[in-house]
Amino acid sequence: MKPKNLKLSGWGPYKGQVEVDFTKLEDRGLFLITGPTGAGKTTIFDAIAYALYGNMSGGMREKNSVRSDFADGDTATFVELVMQHGGKEYRVVRNPEYMRPKKKKGGKSAYTKEKENAVLYLPEGKTVEGSSEVNRKMQEILVLDYRQFKQISMIAQGEFAKLLVASPAEKTRIFREIFSTSIYDSFAGVLKGRSGELYKRIMECRNKMDEDIHMLQMGEEGRKERIAGLTEKGVPPCPGGDSNAGGNSNVVVVIEALEEEEGRYKAMLAKAEKEYSAYEKELSALAERISRAERNNENLKKLEELRGQKEALLEGKGKMDEAEAELKMARKASSLREEYVNCKNAGDLLQAMERKVEQHRKELEAYGRKQEELKEFYEKRDAIKASYELLVSYEEMKKQLEESGRWMKKKKAELERLQRQYMDQEEEAGRKKRAFETADLAYKRAVVGIVARQIKEGMPCPVCGSLSHPHVAKTAEEVPDEEGLQRLQKSYEKERERLMELHGKAAACKGEAESRRAQETEWEEQIKGLEEERSRLPEEIKRITETMSGKEYEEILNKYHTYRVQIGEKEKQIAKDREEQSSQKEKLQRLEGIFISGYEAAGFASREEYERALRPSGEMEKAEKEIKEYYARLQAVDGRIASLEEETKGKEKEDTAGLKAMYEEKRACRQQQLEVLNVQNHNLQETVKIRKSLKEKAKRLEGLEKEYGIVKDLDNMASGNNARRLVFEQYVLAGYFEEILRAANLRLEKMTGGRYELSRIEEVGDGRVKDNLEMQVLDYYTGKMRPVKTLSGGECFKASLALALGMSDVIQGYSGGIRADTLFIDEGFGALDGESLEQACQTLMSLTEKDRLIGIISHVPELSEKIEKQIVVKKTNVGSEVEVVV
């Protein structure tokens with residue numbers, strides 16, 4: 001990326017719009033940005049960084065505080081950068097978020113927030129808008145993010161020595177961010193977490209095995225004694241202990257003993273099951289005898305109950321006969337249900353029509369009354385409307401007159417102010433005129449003395465031509481020179497022009513006021529005429545216009561027309577309803593004739609008798625169902641009585657108490673045997689469960705111990721628990737660091753005349769620390785290593801610059817072959833002597849090969865002499881200015 005042109009507007013110390021034309025610096029070489037402190041040199045770098053990425057070049061400045069305090073309210077704050085990259089030209093315009101004045105309202109200044117925005121103009125004519133969108137597109141074009149750009153292309157102010165004197169831990173943080181090595185630290189963390197997790201799982205498995213063995217000791221007394229000798233050693237210790245093999249053998253012995261216990265419990269369980277089955281057979285035979293006796297007793301009891309139910313059913317036979325007769329008549333009435341419903345519906349509809357006609361008639365009368373109430377307003381509508389128009393004209397004329405009065409009041413105040421200013425200015429102009437005339441008179445009187453003041457020894461006299469001037473004429477000390485006289489004259493003429501300007505304004509103001517007063521007189525006459533015309537209106541018209549507004553009157557007229565329309569519609573509706581009512585009466589008479597013929601033919605004497613016989617279909621179905629159920633129950637009771645009489649023939653009620661007592665005695669014996677059976681089965685299941693559990697856990701423990709051994713070795717290696725105390729991430733960072741030092745030493749050798757060489761301290765001094773990024777310097781004058789903090793200020797700057805340039809080269813190499821066509825360096829050269837400054841410049845000049853452009857910010861005077869191409873920033877009390885000098 002190479003900048004071609006940069007525009008700044010209302011930015012930092014720059015009041016208005018300034019432009020930096022980088023094309024004058026050509027496409028390669030070294031250039032200097034110079035100027036006094038605070039003039040705005042670094043602001044140029046800030047603007048380039050903000051245009052590209054929406055961020056400032058240094059860490060001390062914020063993008064929302066860059067608006068210039070010198071800028072006028074209507075001056076926008078933005079930066080525009082035209083750059084060349086990959087043979088194509090791009091233009092980007094950005095503005096930060098800042099407060100700008102609104103248009104003034106009510107004499108007060110209001111402010112509004114200008115939101116941050118960015119627009120990128122691409123070579124093919126397309127545009128990208130929005131801060132986030134432009135940031136993404138710019139990173140895609142440059143193949144650099146903001147952090148990489150700062151490290152490769154822009155070394156900001158105050159960051160030269162940060163890496164040189166940083167602690168190993170701080171270097172680790174810096175390089176981790178630059179080279180994205182946090183993945184290695186995360187990997188070491190994953191290993192540590194995995195190791196801890198495996199250790200926890202091993203201990204959990206071992207604890208569970210201890211619990212299983214402990215459960216064996218809580219069983220029956222015989223098993224307790226048999227297992228006690230086998231469980232004294234317990235479960236083997238954590239992997240890596242001496243007792244690992246012995247412990248595992250102990251678990252195998254316990255498992256074999258449990259298999260022997262299973263066989264013993266299976267034999268005991270088979271014997272208990274045989275004894276339990278014998279009790280089951282005896283109880284089954286007794287239960288069958290008790291069941292037969294209870295069933296016989298129950299049948300005898302049921303027979304007596306059924307005989308009672310039959311007597312109750314026969315008592316309700318008469319009621320069932322009546323229900324059958326009513327159902328017969330209901331069925332006849334149901335055959336005429338359709339004619340009955342049609343006739344009833346027709347009558348209901350006729351009544352609804354009569355109610356509807358009555359309702360419409362009442363509504364018609366209401367509309368008529370309302371129309372009559374508004375009739376007077378409608379008949380006098382022309383006169384009333386004319387009165388409203390007269391009232392509107394009157395009120396508008398009065399409003400104009402009131403507004404004019406307020407305007408005249410302001411004009412009067414303005415005229416008085418202009419008159420006071422004119423009197424003050426007239427006095428000031430007179431004072432300046434007297435001062436000028438006094439000075440002019442003194443100048444004319446002392447003109448000879450003024451000429452004599454300019455004569456020097458050896459120069460010819462303008463009067464006599466002599467080269468010797470023993471007695472030069474003297475002038476008064478207070479006599480002004482020609483330049484001072486001209487200043488007094490210009491001052492007087494300026495005050496006189498101001499006086500004439502005020503005179504013109506006052507005259508114009510007075511003319512406007514007189515013109516407006518004449519207009520007011522004309523309006524007052526018109527108002528008087530309107531008042532007379534209103535006084536001649538009839539009282540009833542005046543009353544209407546005074547008690548309601550024109551809009552309210554228009555609403556009354558609209559209501560009148562609405563009522564008239566509604567009356568016509570209601571009259572038509574009533575006529576239509578009466579025709580429908582007459583037709584419905586004829587239909588009802590025809591349907592009633594059909595229905596009467598039908599119920600008389602069915603045997604009903606009257607309509608009332610028919611309606612008494614009529615039943616809902618559900619009620620008829622229910623009655624028919626009850627009748628059927630009655631006869632079905634009676635038949636079922638007869639059948640059940642006959643069956644039970646046959647079944648209990650020759651049998652009597654039996655006593656079951658003795659049989660039940662014998663059954664309970666046998667059941668108690670069976671229960672005791674069941675408990676023995678359950679104990680034996682529980683012992684067997686528990687033994688099988690614990691054996692399987694121990695076997696599964698022993699197998700799982702073996703796998704976990706094997707995996708833990710591998711993971712723990714990797715964890716120790718990655719976390720620095722090794723002979724060299726080298727952490728995995730530190731190992732990777734040390735490789736990057738040594739590459740940076742090799743690249744830095746190429747420049748440092750030239751800048752120090754081959755005296756110094758930087759290197760990494762491989763041995764860690766503090767055994768508790770695992771950071772391996774400490775740096776030292778080899779002094780070839782003494783042949784000894786020493787800490788970098790012992791370097792002088794100038795030497796420290798050289799080392800810092802070499803380190804920064806070396807880091808820029810390495811980062812470029814690890815960023816996909818990205819090349820920085822432009823490099824910006826901010827300050828730091830003030831600590832160098834003449835020789836060191838020359839060496840630093842030569843080193844930077846060597847970087848300008850292959851069309852690289854390098855910019856340096858500094859106010860060191862010697863650099864201005866060594867670097868011809870310069871961007872000069874000039875500081876003034878109204879903002880800074882920029883000039884490109886080649």
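# Chat about two sheets and a shared helix

User: Hi! Let's start with helix α2: which strands does α2 lie across?

Analyst: Hello! In this predicted model, helix α2 (residues 131–142) lies across β4, β5, β8 and β9. Helix α2 runs at about 40° to β8.

User: And what's the strand order in the open sheet with antiparallel pairing?

Analyst: That open sheet has six strands in the order β2-β1-β4-β5-β8-β9.

User: Which strands stand at the edges?

Analyst: β2 (14–21) and β9 (127–129) do. Each has a single partner strand, so one side of each is left without a neighbour in the sheet. On average, and ignoring direction, neighbouring strands here are turned by 10° against each other.

User: Cool. How many bridges join β4 to β5?

Analyst: Seven bridges join strand β4 (residues 78–85) to strand β5 (residues 88–95), and the two run antiparallel. One of the partnerships sets V79 against R94 in β5. The hairpin of β4 and β5 has two residues between the strands, and G86 there takes a positive phi near 60°.

User: What about β5 and β8, how many bridges there?

Analyst: Five bridges, again with the strands antiparallel; β8 covers residues 117–121. V92 stands opposite L120 in β8. L120 also has a bridge partner in β9, namely V128, and β8 and β9 pair in the antiparallel sense over three bridges.

User: Which strands of this sheet does α1 touch?

Analyst: α1 packs on the sheet and touches β1, β2, β4 and β5. The direction of α1 makes about 105° with that of β1.

User: Switching over: what's the strand order in the sheet with mixed pairing?

Analyst: That one is an open sheet of six strands, ordered β10-β14-β15-β3-β16-β17. Its edge strands are β10 (154–155) and β17 (879–885), each pairing on one side only.

User: Which of its strands does α1 touch?

Analyst: Helix α1 (residues 41–53) packs on this sheet too, touching β3 (29–34), β10, β14, β15 and β16 (870–876). The direction of α1 makes about 140° with that of β14.

User: Do tell me about β14 and β15: parallel or antiparallel?

Analyst: Parallel, over five bridges, with β14 at residues 822–826 and β15 at residues 853–857. As an example, L823 has I854 in β15 as its bridge partner.

User: Now aromatics. How many aromatic pairs are there?

Analyst: The count comes to six aromatic pairs. In one of them, the rings of W11 and Y50 have their centres 5.3 Å apart and their planes at 50°, so the pair is tilted. W11 lies in strand β1 (residues 2–11) and Y50 in helix α1, so this pair ties together parts that are 39 residues apart in sequence.

User: Are those two buried or exposed?

Analyst: Both W11 and Y50 are buried.

User: Then what about F45 and F824, how are their rings arranged?

Analyst: Their ring centres are 4.7 Å apart and the planes stand at 65°, so the pair is edge-to-face. F45 sits in helix α1 and F824 in strand β14, so to speak of distance along the chain, the pair links parts 779 residues apart. F45 is buried, and F824 is buried as well.

User: Any charges over rings? Which ring face does R91 lie over?

Analyst: R91 lies over the face of Y121, at 4.0 Å from the ring centre. R94 is placed over the face of Y50, at 6.0 Å from the ring centre. Y50 is also the partner of W11 in the tilted pair, and R94 is the bridge partner of V79.

User: New topic: where does N745 lie?

Analyst: N745 lies in helix α19 (residues 728–751).

User: Buried or exposed?

Analyst: N745 has a relative accessible area of 13%, and with the cut-off for buried at under 20%, N745 counts as buried.

User: What does N745 contact beyond its sequence neighbours?

Analyst: Leaving aside neighbours within four places in sequence, N745 is in contact with E757 and L758. A polar atom of the N745 side chain lies 2.7 Å from the backbone nitrogen of L758.

User: Last one: is K271 buried or exposed?

Analyst: K271 is exposed, with a relative accessible area of 58%. K271 has its place in helix α7 (residues 244–315). The C-alpha atoms of K271 and L677 are separated by 8.8 Å, although the two are 406 residues apart along the chain.

Note on methods:
Residues are numbered from 1 along each chain as its sequence is written. This is a predicted model: local features need pLDDT of at least 70, side-chain atom pairs count only at pLDDT 80 or more; totals for chains, interfaces and linings use all residues. Side-chain values use heavy atoms; hydrogens and water are left out. Two strands pair if DSSP finds at least two bridges between them. Helices (H or I, at least four residues) and strands (E, at least two) are DSSP runs, numbered from the N terminus. Contact means heavy atoms within 4.5 Å. Axes are lines fitted to C-alpha atoms, for helices over the stretch in contact, and angles run from 0 to 180 degrees between N-to-C directions. Buried means under 20% relative accessible area, exposed over 50%, partly exposed in between (1.4 Å probe, protein chains only). A polar contact is a pair of N or O atoms within 3.5 Å; within protein, one must be able to donate a hydrogen and the other to accept it, and residues adjacent in sequence count only if both atoms are side-chain atoms. Rings of Phe, Tyr and Trp (its six-membered ring) pair if their centres lie within 6.5 Å; planes under 30 degrees apart count as stacked, over 60 as edge-to-face and the rest as tilted. A charge sits over a ring if NZ of Lys or CZ of Arg is within 6 Å of the ring centre and within 35 degrees of the ring normal.
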